[in-house]
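These are my notebook entries on one structure. I went through exposure, packing, charges and rings in turn.

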Amino acid sequence: MTNINQNEPYHAYEIDVCMNELESSKDGLSGEQASKRLNELGENTLPKKERTSPFVLFFRQFKDLLVIVLFFAAIIAWFAGHVVDVYVIVGVVLANALIGFFQEYKAEKAIASLKSLVKHQANVKRDGNQLTVDVKDVVPGDILVLNAGESVPADARIFRLKNLETTESSLTGESMPVQKKSEVVDEDTNLADRKNMLYKGTHITRGSCQAVVIATGINTEIGKIAQSLSERDQGVSSFKKKTNKLAKVMAGLAVSTALVVFLVGYFIRGFEFEEILLVTIATLVSSIPEGLPAVLSVVLAIGANRMARHNAIIRDFSATEIAGSLSVILTDKTGTLTQGVLTVKKIYTADGKEYEVEGQGYKLKGGVLKEGREVDPDEDDTLQRAAWIAAYSNAASVKDGGEANDPEFSGDPTELALLILAKKLGMRKPDLASGIDLIDDLPFNSKQKFRASLVRFSDDQQQEVIGFGAPEKILSLSTKIYLDNQPSELRGEDKERLLNQIESYGKKAMRVIAYGFKEADSDKKAISVDDVDKLVFAGFFAISDPLRDEVTEAVSKCKKAGIRVMMVTGDHKNTAVAIAREAGILDKERGDNAIPEALSEEELDVDDQEFGDYVDTVNVFARVSPKTKLRISEYLQKKGQIIGMTGDGVNDAPALKSADVGFAMGQKGTDVAKDASEMVLSDDNFASVVDAIQQGRIVFRNIRQTSFFLITTNFAATATLITAIAIGLPVPLLATQILWINLVTDGIMDIALATEPGSDDVMDQKPIQGDEQILNKQIFPYVLIIAPVMVILALLAFDNYRDDSVEKARTAAFLVIAMTQVWNALNMRSLKKSVFKIGLFKNRWINVAFIVSIILQYLAIKLPFMQNIFQFENLPWLDILIITLLSSLVFILGEVYKYFQAKRQKNK
């Protein structure tokens, strides 16, 4: 049995100790050892969230309380011999299940297609030879051989390296490359500062190394986070709580009203037991909005599809509505607010000229402007010098993909940004027409803080040392400055001017890279650190990770909508503050100096009281760990806030899962982050979060309006039955007739209501409260105004035709209830605004449903075979027209109520 501990603090051990603990050597494991460890320790894979089978996904749709109530009603109808009622109820339930199933299945397939491609092979040493194996077959003790551009297949301790840098943003949140070393670090060193370690899921951006694997699979840092997610209980979503409460209220009302009918009919009116049982069933059926589960699914499905068109793919169906309740968004910076790529935006030459560089990201198109006018780099000596320094003191590479494809690129992000700049300025390394040859190269490292190259000009064999680096470092190494196309003495006032310009760019969230040069001996063959001195300072590049174009407007929308936007990032505080100010998360001018603009991880290491005070007042948190990110989220949730969290890395996954709605990045996000989220942003854009919130608010409004429509009309049908029995009339509606109304009129009109696009003011209102129920006091005016009119008209029609026959009277009452519901649907398009103000024909589906519903009700009355099914008698067309027009009274009263309501609000 292999005795390997994958949880030892190997970063604190000398490499010989590591090798002993792992029973390995620098020549690697033997093939036999590797095979044995693979069998005993398992494959180097992360726990995968199993896709829900279509079978389970379908039957999961029957868990809602409303569906259970409907099944209960169907059972009663079955025993009472009302087979048609049973079929109708079951049909409604199945329709609801199919809608929910297809939407969730579609979402699962969309997420699967967004899974990022991963490297499946790794180079390892075994038996002293280098070979390529599947990543899943890598085991503790293997010696990894890694080069620039490759991903790290397992956690490993470095023991040999050359100019090694990695990107670890997916794990630590740090957007800049991390320079690695092989020396021991303290045992209690933070994960992000363990420079002698490599972690699964990160990438090599520069250099090469050899490292011994210390952990695989779930024992890696990424594996531990993925494993912890499966142990977190999200609980019941707020939307499920709301719909469950709605179901309980409706079930309670249905049972109560049915019981009243039974007691009144049996004990007061003296109906026979079987007769009153049938009436009770009719009342129960009329009290339950059979279409409500289907409507909820339809509204959510429409909202999900609209969100998908705005690049937000729904993984959890109920998250569609919850998004509308978000009161706080915790957003990452890199790749969400910003574009996630470094871009040279300014060139400032030593003689004080400033050039603006057009273009964004790694696109090769873009000119150079000076004072707003485009300049020709070939006619500007200072620009030419900047271009070939950027091109030749550079190890990055870019391959133009042509007009049809984006360019392919690799290397350090900073050098890549400079190489893109050089290409914009006309440089085409390595096949240059400028006659420059690269002789030797000195890569950048954090200790020397610069990179340099030795180049030769083929026309006169002159050689120069060129390079770039931290501006303070290049200035300290410079003795001259390039003015008027020639070197001049670097004076104190020159340095002061340059430092002021550097500070100015820093305040604009730009990273400054200075560049310089000097002549070198013509016979020099190599370059060393000592050769980089007495430089001629030539200027600097101002580099930014540009803010996404839509972000500022999106943040402004959030503020207007009462949503607090907080930046929680692993990046440095100064960068975070500058980006937050540019995005509008922080005010352009500094506000109350007593309140910090931003806080770091160390500054948040305080007691719970002080921590809460900070979170309540500060909107930017930088250099934070996953633990602190989660602590911030949970604190806000305990205060009743509904939290949305954006993220792309493994480190974001716990907070994504804990948040009410987690938004994972679809392009740059890790699979772990996607599996932990409720929504995936296919464009990685913060603006898509705001679009999702807007659609979520529309979804909630449509759910409320359709629920009000169903409840108002069903209440009227129930009240008609109870009133008729109480005043001594026969039962005015049969159970099958009520079900037909609920299925056709309700079923068509409520789905049409679900398509309501929403008004322009949806983002001008405060967030929907987390505990705000679907049913609220807004329903009472409609119940008190609309329902009595429905009841009175139905009973008058019933009584008017009763002398002809009960069947004809029921036909008239049926038509009144059906037509008043159709007209009432127009009321419910908006609970506050006149239908003429929001646009009578704005929602074409309402108009189509209006016509179709009327036609179907007329056919039920006129077609002989339907008359037999529902026990109707024929009504003259004139009578049908009169009843239809009289039924519009509910619409007229609704418009009158909204007029006086709007007038009262205006006078407040």
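**Entry 1: Y87.** I began at Y87, which counts as exposed because its relative accessibility is 59%. My classes are buried for under 20% relative accessible area, exposed for over 50%, and partly exposed in between, with a 1.4 Å probe and protein chains only. Y87 belongs to helix α5, residues 83-114. I also looked up its distance to A74: the two are 13 residues apart in sequence, and their C-alpha atoms are 8.2 Å apart in space.

**Entry 2: ground rules.** The model is predicted, so I note that local features need pLDDT of at least 70 and side-chain atom pairs count only at pLDDT 80 or more, while totals for chains, interfaces and linings use all residues. Residues are numbered from 1 along each chain as its sequence is written, and side-chain values use heavy atoms, with hydrogens and water left out.

**Entry 3: the whole chain.** I counted 30 helices and 28 strands in the protein chain. Helices (H or I, at least four residues) and strands (E, at least two) are DSSP runs, numbered from the N terminus. Of the 908 residues in the protein chain, 57% are buried. I then turned to contacts, meaning heavy atoms within 4.5 Å. Among those between residues at least 6 apart in sequence, 71% join residues at least 24 apart.

**Entry 4: helix α17.** Which residues of α17 are buried? In this helix, residues 573-583, I listed A576, V577, A578, I579, A580, R581 and A583. The buried residues pack against two helices, α15 (492-506) and α16 (551-560), and two strands, β23 (564-568) and β25 (620-622). After α17 comes G584, with a positive phi near 95°.

**Entry 5: D380.** I found D380 in the loop between β13 (373-374) and α12 (381-392). What is the nearest side chain of opposite charge to D380? That side chain is K353, 4.9 Å away, and D380 is buried yet has no salt bridge. For charge, Lys and Arg count as positive and Asp and Glu as negative; His and the chain ends are not counted. A salt bridge needs a side-chain nitrogen of Lys or Arg within 4 Å of a carboxyl oxygen of Asp or Glu. I did find polar contacts from the D380 side chain: one to the side chain of Y355 at 2.5 Å, and one to the side chain of T382, also 2.5 Å. A polar contact is a pair of N or O atoms within 3.5 Å; within protein, one must be able to donate a hydrogen and the other to accept it, and residues adjacent in sequence count only if both atoms are side-chain atoms.

**Entry 6: salt bridges.** The structure holds 21 salt bridges. In one of them, E464 meets R385, with the closest N and O atoms 3.4 Å apart. E464 lies in strand β18 (residues 462-469) and R385 in helix α12, so the pair ties together parts that are 79 residues apart in sequence. Both E464 and R385 are buried. R385 also lies over the face of Y482, 5.0 Å from the ring centre. A charge sits over a ring if NZ of Lys or CZ of Arg is within 6 Å of the ring centre and within 35 degrees of the ring normal.

Next I looked up D616 and K639, whose side chains form a salt bridge of 3.2 Å, N to O. D616 is in helix α18 and K639 in the loop between α19 and β26 (643-647), so this pair ties together parts that are 23 residues apart in sequence. D616 counts as partly exposed at 33% relative accessibility, and K639 does too at 46%. I also noted a network in which salt bridges that share partners join R491, E493, D494 and R497. Within it, the side chains of R491 and E493 meet at 3.6 Å, N to O.

**Entry 7: rings.** My search of the whole structure gave 19 aromatic pairs. Rings of Phe, Tyr and Trp (its six-membered ring) pair if their centres lie within 6.5 Å; planes under 30 degrees apart count as stacked, over 60 as edge-to-face and the rest as tilted. F611 and Y635 are an edge-to-face pair, 6.3 Å centre to centre with 85° between the planes. F611 lies in helix α18 (residues 608-617) and Y635 in helix α19 (residues 626-638), so the pair ties together parts that are 24 residues apart in sequence. F611 counts as buried, at 2% relative accessibility. R631 lies over the face of F611, 3.7 Å from the ring centre. Last, I recorded one aromatic cluster formed by Y348, Y505, F537 and F540.
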